[in-house]
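Let's take a walk through this structure together. Keep the viewer open as you read, and pause wherever something catches your eye.

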Amino acid sequence: MALRFFGAAATVAVAVGMTASPALAVTEIQWWHAMTGPNNDVVVKLANDFNASQSDYKIVPTFKGSYADTLNAGIAAFRAGNAPGIMQVFEVGTATMMAAKGAIKPVSDLMKEQGEKFDPQSYLPAITGYYSTAKGEMLSFPFNSSSMVMWANLDALKKAGIDAPPKTWPEVFADAKKLHATSPTCGFSSSWITWGLIEQFSAWHNIPIGTKANGLDGFDTVLDFNNPLETKLLENLVELQKDKSYDYSGRTNTGEGRFTSGECALYMTSSAFYPNVKANAKFNYTAVPMPYFPDAKDAPQNSIIGGASLWVMGGKSSEEYKGIAKFFTFLSDTDRQVYLHEVSGYLPITKAAYDKTKASGFYEKNPILEVPLKELTNKPPTENSRGLRFGGMVQMRDVWSEEIEAALAGKKSAKDALDAAVSRGNQMLRQFERTATK
Amino acid sequence: MENRAIFPGRLLACLLVFPQLAVSLIFFYWPAAQALWQSFLVQDAFGLSTEFVWFENYVNLLKTPEYYHAIGTTFFFSLLVVFFSLAIGLLLAVMANRNIAGVQIYRTFLIIPYAVAPAVASVLFIFMFQPGLGMIARALQRNGIDWNPVLNGNHAMILIVIVAVWNQISYNFLFFLAGLQSIPKSVIEAAAIDGARPMRRFWTIVFPLLSPTTFFLIVVNITYAFFNTLGIIDTATEGGPNGSTSTLVYKVFLDGKAGSDLGGSAAQSVILMIIVVALTAVQFRYVEKKVHY
């Protein structure tokens, strides 16, 4: 017992000695993230590489659970006065973060203050636009980005007598019916239901989800996605749901296994599904751009991103900010971006990294990884396709999903469901605007 | 006066009561008061702007149809969970209370599910009931039942009721078994000699004598169904589809966590607290009169 006590006392003494020693005055920077599995390894490797590259700063990554858990942990820590330096926040948390002036430090300000070389033009606008103000000032640093693509089981398509994966929505509907003959429980399905069917769909067809450039220009935005095109899409899906030619697979990506198991031959979900498909699909597969309605004027426009970005929290010491700025410069390095892109399947954030990957011939061997990039850069983004910024977006997605579910279950017409989704969403926006503008 | 004769001074009595009081104050009254205070505020997620709004959060809440829907869902869900978990728990307890070989083993196995966390239980059942993956879901589909809890609200409700009941049966079993064993054998034997058959003996003697246990379990099970099923719902259905499994406590959790609407969430938890206090009061006032101690 006595021994153990002395042991502990000695440890404390050593620890005290260490912090007091000037030779080891390393500034620690906490980085809270939500990456699991192989992507967690990527985060740890990035931190280790950065720490090894210099001796003044130490990035300490900590896994905090799901995206929502990480955001809540950050909010709780801020309220308790000990927020981390860097926080990974998913794209739909953007409005919540940017509304919290004083709690965050915009990345463009940080880079300017710390004198780090930083050119907003060198980043892919389709990615940074989501995380920038209307004036183009970057608020957070894009970390892991993906977009939505249509995954196709080529063997099953052939069996059903379909030559090539569908390009347009009418082709998807027709193919789903043909596939139904060979797979009665599911022809076509999709994950991330509101991200795909509302958010991406609107951007891809260059139609607004809400006013004020989908909320990017102000919190007084009003939702208006209950338009004829959106209604047409949902009506068709409701019709196909009746015999399971289309079959709903839930709000998040829990249904993705239905593609890799071969049950659903057409499956619309994130491009980040790639490593999973590669590991588990026992058939010939490919990914193609999202379908569009050919009678829509501007379609296809460009897709928007999903994923997460790194937010810098406010109220930190200038030493810490210096370290964070250096870390972001480190992350922007072209070779590092190329490496990250090829190893994780997430998208590169700089133009140079995209060009370099292209020049290396990587996409000829891995064409699927270029599909989301082609979608994102298909046309210069318009105010309908730069991204979206709605307060309370995390819960808003649940509300929209509820209404889509009501329509698919036959409890409401497609139009009624979309009207309800819009009006319930607008109530949430007004509540958010009230707390955000003060 | 008599009580005071036992403790010489007030000091000792106060000291003895203090730990329990402190626990109640710190873990119940203080957070409850915080919730009450929060329910009068409109605040952003980070707590940077705060406005005192009196009863506005409550008024907004009572204006949303989804809230009334959640109240209905909660009562329906609780009724099903309390009834089935008590009925099955009692049935198993009666069966295990007989003198059969290996009775200790049966009893132990019947108690084990209580050690499984609700969220874990939920995951186990998701594996069995997931359309396209689960063996039970597949069996149902093979037999022509279009089992689809992702889109069919009734199926989702059945799923969470099954998980919630399964998780609670062991607890009820344990208390019923203890209750049964405390019933004097002589009473039952006397009835048997008088010619009463097992069913009649159960309903006229055993069941009434079990009433203190049953009453206690009803109170505990209602609280369980109202509050502790949060983890089950979150892992199994996330309140969906279309809000059909969104109970009051799940809405508190969702609006507070996903919605960062702390004021609205606090208002909901205050109302929920009032409902449960009222329910328990009614039970003690009226139902308890029928209990034979």
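**A walk through chain B and its partner**

Our starting point is B:Asn242, which sits in the loop between H12 and H13 of chain B. Bear in mind as you look at it that this is a predicted model. What is unusual about the backbone of B:Asn242? This residue is not a glycine, and still its phi is positive, at about 50°. Is B:Asn242 buried or exposed? There are 25 other C-beta atoms within 10 Å, so B:Asn242 is buried.

That loop holds another feature to inspect. B:Pro241 also belongs to the loop between helix H12 (230–236) and H13 of chain B. The peptide bond joining B:Gly240 and B:Pro241 is cis, with omega about -10°.

Now follow the chain out of the loop and into H13. The axis of H13(B) comes within 8 Å of the axis of helix H14 (residues 262–285) of chain B, and the two cross at roughly 160°. An angle over 145 degrees counts as roughly antiparallel, so H13(B) runs roughly antiparallel to H14(B). The handedness of the crossing between H13(B) and H14(B) is left-handed. To see the contact itself, select B:Leu248, B:Val249, B:Lys251, B:Val252, B:Asp255 and B:Gly256 on H13(B), together with B:Leu262, B:Gly264, B:Ser265, B:Gln268, B:Ser269 and B:Leu272 on H14(B). Sorted by class, the residues of this contact comprise 5 nonpolar, 5 polar and 2 charged.

A second helix pair in chain B invites a look. Helix H6 (residues 118–129) and helix H8 (residues 153–181) of chain B have axes that come within 10 Å and cross at roughly 130°. H6(B) and H8(B) are therefore oblique to each other, and their crossing is right-handed. On the H6(B) side you will find B:Pro118, B:Ala121, B:Ser122, B:Phe125 and B:Phe129, which meet B:Leu159, B:Ile162, B:Val163, B:Trp166 and B:Asn167 of H8(B). The contact of H6(B) with H8(B) has 8 nonpolar and 2 polar residues, and no charged ones.

Let's step back to chain B as a whole. The chain contains 14 helices and 2 strands. Along the principal axes, its C-alpha atoms fill a box of roughly 75 × 75 × 30 Å. Of the 293 residues in chain B, 33% count as buried. If you take the contacts in chain B between residues at least 6 apart in sequence, 70% of them join residues at least 24 apart.

Database annotation can be laid over this picture. An unreviewed UniProt entry lists "transmembrane region" for residues 12–32, 67–96, 108–129, 156–180, 201–227 and 266–287 of chain B. How much helix is there over residues 108–129 of chain B? That span is 73% helix and 0% strand, and its end C-alpha atoms are 27 Å apart. Residues 266–287 of chain B are 91% helix and 0% strand, with 31 Å between the end C-alpha atoms.

B:Thr108 deserves a closer look too. This residue lies in helix H5 (residues 103–111) of chain B. B:Thr108 counts as exposed because 9 C-beta neighbours fall inside 10 Å. Compare its position with that of B:Ser78: the two are 30 residues apart in sequence, and their C-alpha atoms are 27 Å apart in space.

Next, turn to where the chains meet. How many residues does each chain bring to the contact? Chain B contributes 24 residues and chain A contributes 34 residues. On the side of chain B that touches chain A, strand E1 (41–43) and helix H13 (248–257) of chain B each supply at least two residues. The residues on this side of chain B divide into 10 nonpolar, 10 polar and 4 charged.

Finally, cross over to chain A. A:Ala213, in helix H10 (residues 211–214) of chain A, has a positive phi of about 50° although it is not a glycine. A:Ala213 counts as buried because it has 20 C-beta neighbours inside 10 Å. Chain A also has a cis peptide bond, joining A:Ala299 and A:Pro300, with omega about -5°. You will find A:Pro300 in the loop between strand E9 (285–288) and strand E10 (306–313) of chain A.

Conventions:
Residues are numbered from 1 along each chain as its sequence is written. Chains are lettered from A and ligands numbered from 1 in the order in which they are written. This is a predicted model: local features need pLDDT of at least 70, side-chain atom pairs count only at pLDDT 80 or more; totals for chains, interfaces and linings use all residues. Two residues are in contact if their C-beta atoms, placed from the backbone, lie within 7 Å. Helices (H or I, at least four residues) and strands (E, at least two) are DSSP runs, numbered from the N terminus. Ala, Val, Leu, Ile, Met, Phe, Trp, Tyr, Cys and Pro count as nonpolar, Asp, Glu, Lys and Arg as charged, and the others, Gly among them, as polar. Axes are lines fitted to C-alpha atoms, for helices over the stretch in contact, and angles run from 0 to 180 degrees between N-to-C directions. Angles under 35 degrees count as roughly parallel, over 145 as roughly antiparallel, 65 to 115 as roughly perpendicular and the rest as oblique. A crossing is left-handed if the near helix is turned anticlockwise from the far one by less than a right angle, and right-handed if clockwise. UniProt positions are given in the numbering used here, feature names are shortened, and annotations may be inferred rather than shown by experiment. A residue is buried if 20 or more other C-beta atoms lie within 10 Å of its own, exposed if 12 or fewer, and partly exposed in between; C-beta atoms are placed from the backbone.
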